[in-house]
Amino acid sequence: MKKVYLETFGCQMNVSDSERVATTLAKKGFEMTSREDQADVVLINTCSVREKAEQKLYTRVGRIRNSGRSKPVIGVLGCVAQLEGETLFEKIEGIDLVLGTKAVGRVSEVIQRVLDGEEGIVDLGEREKDYDWTVSDPQRHSPHVAFVPIIEGCNKFCTYCIVPFSRGREVSLSASEIVRSVLDMRRTGIREVHLIGQNVNSYRPTTDSGLEGFKGDTPFSRLLRAVAATGIERIKFNTSFPRDFKPDIVDAINEHENLCNWVHLPVQSGSDRVLNMMKRGHTIDSYKRKIDYLRSSPRDISITTDIIVGFPGETREDFEDTVSLVEYAGYDAAYIFKYSPRPGTPAYEMADDVLSEEKTERFLKLESVQRRSQNERLKRYVGKTLDVLVEKHAVRSDAQVSGHSTCHKVVNFEGSDSLVGSIVKVKISEVKSNSLLGVRLERQASLLA
Ligand code: 5AD
Ligand code: SF4
C-alpha cells in the first residue's frame with residue numbers, strides 16, 4: 001500500500017480540501033501517514049495569499065529534495081498550483097504533479113498516473129459540485145469539529161487579493177445537501193460545524209431547496225436557521241464580508257443558541273480612502289453600524305477581524321484612522337498583515353510606496369494597540385462561565401487540556417485527556433495574550449462536596 005504524506009498551508013478552505021483529498025485517497029487504497037520520511041508520495045497543499053505563504057512551497061520542496069533519501073513523488077496542490085499550472089515544473093525542480101483547487105477530486109487518479117510512469121501531469125479542471133462525506137471513515141482535522149464548505153470561490157476582486165484568481169467565481173452549494181451532511185456529521189459524533197467560505201454571507205444557492213420555511217432577508221441567514229434546526233450542538237461560520245453582512249444574521253444568532261456567538265468580519269483598513277482603493281465596497285461608517293448592531297446583541301458576540309497595513313498609497317493619517325477603528329471596534333482578536341503585492345492583482349500595478357520599515361512600524365504599532373484593547377475586552381470573561389469543547393492536550397502544560405469556547409476563544413484549564421471531545425463548563429480566571437485560563441466547574445463542585 002502506497003503511503004501519502006499531506007501538508008497543508010493557508011486558510012480553512014485548504015484544510016477542507018485536504019480533508020477531501022485524504023478521504024478520497026484512503027477510500028482508493030492509499031495509506032495516509034504523518035511521517036514524511038516514510039512516504040512514497042508527498043503532497044503540498046499551497047497558499048498564495050501573501051508572498052511569504054507562497055515561499056513556503058519552494059522551501060519545502062527544496063528540503064525534501066535535499067533530505068538524502070530516495071525522492072518520493074512530489075505533488076503541488078492548492079492555490080499556487082491553480083495559478084501557476086505547468087510553469088511550476090520550470091520553477092521547481094523535482095515535482096511530479098500539479099493539481100489545482102478545482103481538481104482535488106481527481107487526486108487518486110492523478111497520483112496513480114504518476115506511479116504508472118507518466119510525467120509532468122497538470123490538472124486544473126472542473127471541480128465536482130458536491131463532495132460526498134458519507135463514506136465510512138472520513139478523514140477530518142478533528143473527530144469532533146468539521147468544516148462544511150457552503151460557498152466556494154470569490155467574486156469580490158478586492159484589489160490586493162489573489163483569491164478570485166486562484167479559486168474562481170462564487171459557487172454556493174445546495175442548502176439541502178449542506179443540511180444533509182450536517183445531519184450525517186451529528187450522527188457520527190461531530191459536535192461543532194464550521195460553515196466555511198471566502199464570503200459565507202454572500203451565499204446564494206440556485207434553488208430554495210432546503211431553505212423553505214426558514215425566515216430571513218438573505219439566503220445565508222435562512223441557511224443558518226436551517227442548519228440550527230438540525231440540532232447540531234455548535235455552529236460557527238467564517239469568513240463574513242462586511243458589505244453583505246445584514247442584521248438578519250445577528251437576529252438568527254439571537255434566536256438560536258446553537259449558532260455560536262462569534263463573527264469574523266474583516267475590515268482591512270480604517271480609512272475610507274484606502275477602502276476605496278481596495279475596492280472593498282463598504283465604508284467605515286457602514287462597518288461601524290454593523291459593529292454597533294452586533295454589540296447590541298444579548299449574546300455577547302465576539303468580533304474578530306483582518307487588517308492590512310501598508311497598502312499602496314496608505315498615508316500616516318490613513319493608518320491613524322485604522323488605529324482609531326481598532327480602538328472603536330474592541331476586537332476579541334485581529335489578524336494583522338503587511339501588504340504583500342501579488343502578481344496579477346490590480347494593486348500589483350500600483351506603486352508599493354510604503355517603505356518596508358514603515359510597514360513593519362505600522363504593523364508593530366497596530367499590534368500593540370490591538371493587544372492593549374484586546375486585553376481590556378477579554379477581561380469581561382473573567383468570572384464568567386464558558387462552554388468549552390475540549391479538543392486536545394494543552395501545548396504548554398502537561399496538566400492542562402485546551403479547547404474553544406462558543407465565542408471561539410482558546411481556553412486552557414486543568415483536566416485529563418479523557419475530557420477530549422466533551423463540552424464542559426469552565427469558569428474563566430485569567431486573560432492570557434491569545435487565550436483564556438479557567439477552572440472546570442464540575443471539578444470545582446466535586447472538590448467542594
Ligand atoms: N497582502 C497582505 N494581506 C493580504 N490578505 C489578502 N491578500 C493580501 C495581500 N496581498 C489578507 C487579508 C485577508 C486575509 C485572509 O489575508 O486581510 O482578509
Ligand atoms: Fe480576497 Fe476580497 Fe474575496 Fe476576501 S472578499 S477572498 S479579500 S477578494
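A polar contact, as the term is used in these legends, is a pair of N or O atoms within 3.5 Å. The model shown in every view is a predicted one.

**View 1. Polar contacts between ligand 1 and the protein.** In this close-up, an N or O atom in the side chain of Gln268 lies 2.7 Å from an oxygen atom of ligand 1, and a polar side-chain atom of Arg50 is found 2.8 Å from an oxygen atom of that ligand. The backbone takes part as well, since a polar backbone atom of Ser340 is placed 2.8 Å from a nitrogen atom of ligand 1. Considered on its own, ligand 1 would expose 400 Å², and the protein buries 86% of that area. Two elements, β13 (302-309) and β14 (333-338), each give two or more residues to the shell around this ligand.

**View 2. The residues that surround ligand 1.** Besides Arg50, Gln268 and Ser340, the residues around ligand 1 are Val49, Tyr160, Asp306, Ile308, Phe337, Lys338, Tyr339 and Arg342. When the residues of this shell are sorted by class, 5 are nonpolar, 2 are polar and 4 are charged.

**View 3. The residues that surround ligand 2.** The shell around ligand 2 includes three cysteines, Cys154, Cys158 and Cys161, together with Lys156, Phe157, Tyr160, Val163 and Pro164. Gln198, Asn199, Phe241 and Arg280 also belong to the surroundings of ligand 2. Divided by class, this shell holds 8 nonpolar, 2 polar and 2 charged residues.

**View 4. Ser202 and its contacts.** Ser202 sits in the loop that runs between β10 (192-196) and α8 (219-228). Is Ser202 buried or exposed? With a relative accessible area of 5%, Ser202 is buried. If its neighbours within four places in sequence are set aside, Ser202 is in contact with Ile151, Lys156, Glu170, Phe241 and Asp244. Two of these residues, Lys156 and Phe241, are also found around ligand 2.

**View 5. Cys47 and Cys79, two cysteines without a bond between them.** A disulfide is a covalent bond between the sulfur atoms of two cysteines, and the structure holds 0 disulfides. Why are Cys47 and Cys79 not bonded to each other? The closest cysteine sulfur to that of Cys47 is in Cys79, but it lies 6.3 Å away, which is too far for a bond, because a disulfide needs the two sulfur atoms to be within 2.5 Å. Cys47 is buried, with a relative accessible area of 12%, and Cys79, at 8% relative accessibility, counts as buried too.

Notes
Residues are numbered from 1 along each chain as its sequence is written. Chains are lettered from A and ligands numbered from 1 in the order in which they are written. This is a predicted model: local features need pLDDT of at least 70, side-chain atom pairs count only at pLDDT 80 or more; totals for chains, interfaces and linings use all residues. Side-chain values use heavy atoms; hydrogens and water are left out. Helices (H or I, at least four residues) and strands (E, at least two) are DSSP runs, numbered from the N terminus. Buried means under 20% relative accessible area, exposed over 50%, partly exposed in between (1.4 Å probe, protein chains only). Contact means heavy atoms within 4.5 Å. A residue is near a molecule or strand if one of its heavy atoms lies within 4 Å of it. A polar contact is a pair of N or O atoms within 3.5 Å; within protein, one must be able to donate a hydrogen and the other to accept it, and residues adjacent in sequence count only if both atoms are side-chain atoms. Accessible areas come from the Shrake-Rupley method with a 1.4 Å probe; for residues, only the protein chains shown count as cover. Ala, Val, Leu, Ile, Met, Phe, Trp, Tyr, Cys and Pro count as nonpolar, Asp, Glu, Lys and Arg as charged, and the others, Gly among them, as polar.
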